[in-house]
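Colleague: I have a model open and some questions about it. Can we go through them one at a time?

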Amino acid sequence: MRATLWRLGIVRGLTWGLGGTGGAMAATMLVRAALGLGAWNSGPVTAVGSLVGILFYLWGLGAFKGWGRWALGRPEEEHPCQPPWTRYFSYATNHKTIGVQYMVTSLLVLLVAGIYQLIARLETSQPGIQFLSLDTYNSLMSLHGIMMLGGVLLGISGMINYLVPLMLGARDMAFPRLNALSFWVTPPAVVLFLLSLPAGGFDTGWTAYPPLSIRGPLGMQFMLLAFYLMGWSSILGSINFLTTIIKMRAPGMGLFRMPIFVWATLATAILQLIFTQFVATAFLMVLLERLLGLGFFNPERGGNALLFQHLFWFYSHPAVYIFVLPGLGVISEVVPVFSRKPLFGYRAVALSSLGIAVGGTMVWGHHMFAAGIEEWLRVPFMVTTLLVAVPTGVKVFSWLATMWMSRIHLDTPMLFALTSIAVFLIGGITGVPNGIIPVDLYIHDTYWVVAHFHHTLFGGFVFPAMAAIYFWFPKFTGRRLNEGWGKLHWALMTAGFFITYEPMFWLGLNGMRRRVADYDPALGLGTMNIVVTIGGYLIALAMLLFFINLMGSAWRGALAPGNPWRSRTLEWQLPSPPPEENFPTTPRVVGPPYGYGIPGSVHAVVAPAGGAGEKEERWRTAPI
Amino acid sequence: MNPRRHALRVTALTALASALLVALFLKTSLTPLPASAQAEPIDRLLRLMFAIGGVILALCLVLLVYNVLAFRHRPGQPEEGPPQEGHTPLEVLWSLVPLALVLFLAVEGALALRDITQAPPGEELEVRVTAFQWAWRFEYPQYGITPGELRLPVDRPVLFRLTSRDVVHSFWVPEFRVKQDAVPGMEKVLRVTPTKVGSYKAWCAELCGLAHTLMQAPVRVVEPEGFERWVKEQRR
């Protein structure tokens, strides 16, 4: 048993990581003492400790072993036989393993972030300070925001990792080792997120605007480092996604035969690759200002406080599309299957993802209308912002047209897709007033904005992720989720969502500022805030049912056939769960992915094992 | 049933739902009653968007619900739906109509922005606002006074010059509608013409640390004579 434990990458990584952190902290303190600075200063000591610790952790995990052997020209190491579950705790390179690692981590992070806000929400149910200190409220609310976004990034990486190679007919991602690295830098990020609260939390919200973030306690530094690591993961992941989509498609899989989820991944990965560096830079600059006293954002030392906001929103607006495009891709996968009709306007839907991505790069300034962006930049940003509504509308109308005159089956994935469409639609429409400058000057920083972006993120990520889990769970596990529990989960969560978030629009219009623990009783907002809290706890109850269903069904759910939903895309043409190297022979793609009802239409031909031809040379994955 | 009958029904239901939704939205009171000249164009734009957004929301929600109710697969029906892959004129239409709508709103927005930000003829009352954790400091350079509260004469244009001593704050009186961040190291301006005598509160709208939630200052809009009297008292 001990030998098995030590063979688990995570145990070795943790041991090395803790050792490295401790050693580096001790060394830093010695150096500080030698320089006469006073041994303990929490900021620099923990910063050096965590950075060195992460390198040691990766070393212990075995992240550099493969590359090291490759660089030295040594043969690859043979893996001793291990029980299959150990791969999930090791530096495994199979895209399906990594997909599961990502998805499970994502659910855990989202769960913690949700619990934080459930506590903070109780406090806001009524005017006055109920039971939380202002400090605790600010920290919980801020951590809720940044951890949710971290969880969403992990979630989309999980879905993309598991599904895209299967959908493309590939054996794995283009760079399996890089893929493992992009997952394994995230557990330290999660640990840092979790340590933030005991280290004093932070009171800036997820946006970390300086000069406030320069003054924050140690928890601030942990959050900045954690998101910095998430950024690494995001950039490394996107390189893999792009290369895989461009180079690893099965023969016949032209761009316009790719499932929409792959198109969405393409658009998301382009945004991740180009824009993540900006938020990383911004956070790094705050860290350097905190640790080394550089004056980037401090006007007294020649800095500019608004500079951060530009750098931050360069990324963080495109990031919104990074978060929602894969989810919208899921809706485009689910709707045709359960409508038994081709996706209406396939090409327009495919290109609209790129349209949203391109348009989304030119709109960051709309987050700064009230911050005092240059006068002559306001109107151009208003126009670009509003233009994003057009490709978004194309998607919604196309889904509705797909269902028109179709034969709809209301299984749980479809129910979640329907809720997603309604919620995302409201999120889109309520974003327009935020884009119109004069109105935004009123509703900016109010609950209107909170309601708006929770609609886009629930409609563009959370509900589609639920649809995805109910849809692909049989593929992941070979078992089906319980439909009865699933439908109850859907009903509760949909009701809970609308009860929570529709009143927030009203609250915002009536003067409720966002990110406050307390509000003026004279505004008369108490009743509606109680409704919001009740709705929030309904969502929590629905999530509880979901987790029970997830674990129960993974344990002893009904066995699923390879293709329970009669879908045409490639991942469903395999047994569930798919074999280690996916396809026994390279599939051939011969038609559109959603040819439901078209006589004689076939998406792909998958030859059985031992059939025509050997594995082709082009399947070889790079040693990276 | 043929598609034409379905389309007719959807149109009728959309008309009904639009009427209901728009009426509901327009009836929804904005309880911070408008109290500035800037509030009028903003509230008008908001109502315009409630009307347009209400119709689009109604159309899509009606279609969504109608699809589910009318087109559920029933036993005995063929398994697969009709193989319709697209309809180019329709796709062009639903790209162009939203495009026209958002461009129209952009023009309306730009015109309203000009209205609420342009300098009025004549002299404005200047108020320097300095934000700091977690309070406001007001200064009237034309009168040389630094009172503990913000007092404004009704119907006289005010030019706020905002800055911050520490972190980013945001100056917001909900009844005036407009807000502007106060950024350290910079001076930002905000124009407001109060139009209703009364007591209001200026809140900080940008998260500024521990006591952000409590950061506020009383605002009183008074008759011009009362304002002059108050200024004299402050000078003493």
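**Charges over rings**

Modeller: Start where two chains meet: the charged end of B:Arg177 sits over the ring of A:Tyr442, 4.6 Å from its centre. Keep in mind that this is a predicted model.

Colleague: Which residue lies over the face of B:Phe132?

Modeller: Look in chain B for this one. The distance to the ring centre of B:Phe132 is 4.5 Å, and the residue over its face is B:Arg165.

Colleague: On to rings with rings. How many aromatic pairs are there over all chains?

Modeller: Two rings pair if their centres lie within 6.5 Å. By this rule, the count over all chains is 54.

Colleague: Are the planes of A:Phe471 and A:Trp472 stacked or edge-to-face?

Modeller: The two centres lie 4.8 Å apart, and the planes meet at 75°. Planes over 60 degrees apart count as edge-to-face. So the pair A:Phe471 and A:Trp472 is edge-to-face.

Colleague: Is A:Trp472 buried or exposed?

Modeller: Buried means under 20% relative accessible area. A:Phe471 has 1%, so it counts as buried. A:Trp472 has 0%, so its label is buried.

Colleague: How are the rings of B:Tyr143 and B:Phe227 arranged?

Modeller: Their centres are 5.8 Å apart. Their planes stand at 80°, so the arrangement is edge-to-face.

Colleague: How many residues apart are B:Tyr143 and B:Phe227?

Modeller: B:Tyr143 is in the loop between β2 and β3 of chain B. B:Phe227 is in helix α4 of chain B. The pair links distant parts of the chain, and the separation is 84 residues.

Colleague: What is the relative accessible area of B:Phe227?

Modeller: Take its partner to begin with: B:Tyr143 is buried, with a relative accessible area of 15%. B:Phe227 is buried too, and its value is 0%.

**Helices**

Colleague: Where does helix α18 of chain A bend?

Modeller: Helix α18 covers residues 447-477. The bend is about 45°, and it falls at A:Phe458.

Colleague: How many residues of α18(A) are buried?

Modeller: This helix has 31 residues and is mostly covered. A:His455 is found in it, and at 0% relative accessibility A:His455 counts as buried. Beyond its sequence neighbours, A:His455 is in contact with several residues, among them A:Val423, A:Phe497 and A:Tyr501. The buried count for α18(A) is 28.

Colleague: Which residue just after α18(A) takes a positive phi?

Modeller: Its phi is about 80°. The residue is A:Gly478.

Colleague: What is the reach of helix α13 of chain A from its first C-alpha to its last?

Modeller: Helix α13 has 15 residues, 346-360. At 1.5 Å a residue, 21 Å is expected. The helix comes close to that, with a reach of 21 Å.

Colleague: What covers the buried residues of α13(A)?

Modeller: The buried residues include A:Tyr346, A:Val349 and A:Ile356. Their cover includes α11, α12 and α15 of chain A.

**Strands**

Colleague: Why is strand β4 of chain B called largely enclosed?

Modeller: The strand has seven residues, 158-164. It is largely enclosed by the rest of the structure because the number of its residues that are buried is five.

Colleague: Do β1 and β4 of chain B pair parallel or antiparallel?

Modeller: Seven bridges join the two strands. B:Thr130 stands opposite B:Thr163 in β4(B). The sense of the β1 and β4(B) pairing is parallel.

Colleague: Which residue stands opposite B:Arg161?

Modeller: Five bridges join β4(B) to β7 of chain B, and these strands run antiparallel. Opposite B:Arg161, in β7(B), stands B:Val189.

**Backbone oddities**

Colleague: Is the peptide bond from A:Ser576 to A:Pro577 cis or trans?

Modeller: A:Pro577 is in the loop between α20 and β1 of chain A. Omega is near -15°, and the bond is cis.

Colleague: What is omega for the bond from B:Gln133 to B:Trp134?

Modeller: B:Trp134 lies in the loop between β1 and β2 of chain B. This bond is cis, with omega near 0°.

Colleague: What is the phi of A:Arg340?

Modeller: A:Arg340 is in the loop between α12 and α13 of chain A. With a relative accessible area of 3%, A:Arg340 is buried. It is not a glycine, yet its phi is positive, about 55°.

Methods
Residues numbered from 1 in each chain as written. Chains lettered and ligands numbered in written order. Predicted model: local features only at pLDDT ≥ 70, side-chain atom pairs only at ≥ 80, totals over all residues. Heavy atoms only, no water. Helix = DSSP H or I, 4+ residues; strand = E, 2+ residues; numbered from the N terminus. Expected span 1.5 Å × (residues − 1). Buried < 20%, exposed > 50% of the residue type's maximum accessible area, 1.4 Å probe, protein only. Contact = heavy atoms within 4.5 Å. Phe/Tyr/Trp six-rings, centres within 6.5 Å; stacked < 30°, edge-to-face > 60°. Lys NZ or Arg CZ within 6 Å of the ring centre and 35° of its normal. Bend = angle between axes of the 7 residues up to and from the residue. Pairing = 2+ DSSP bridges. Lists of a residue's contacts leave out its neighbours within four places in sequence.
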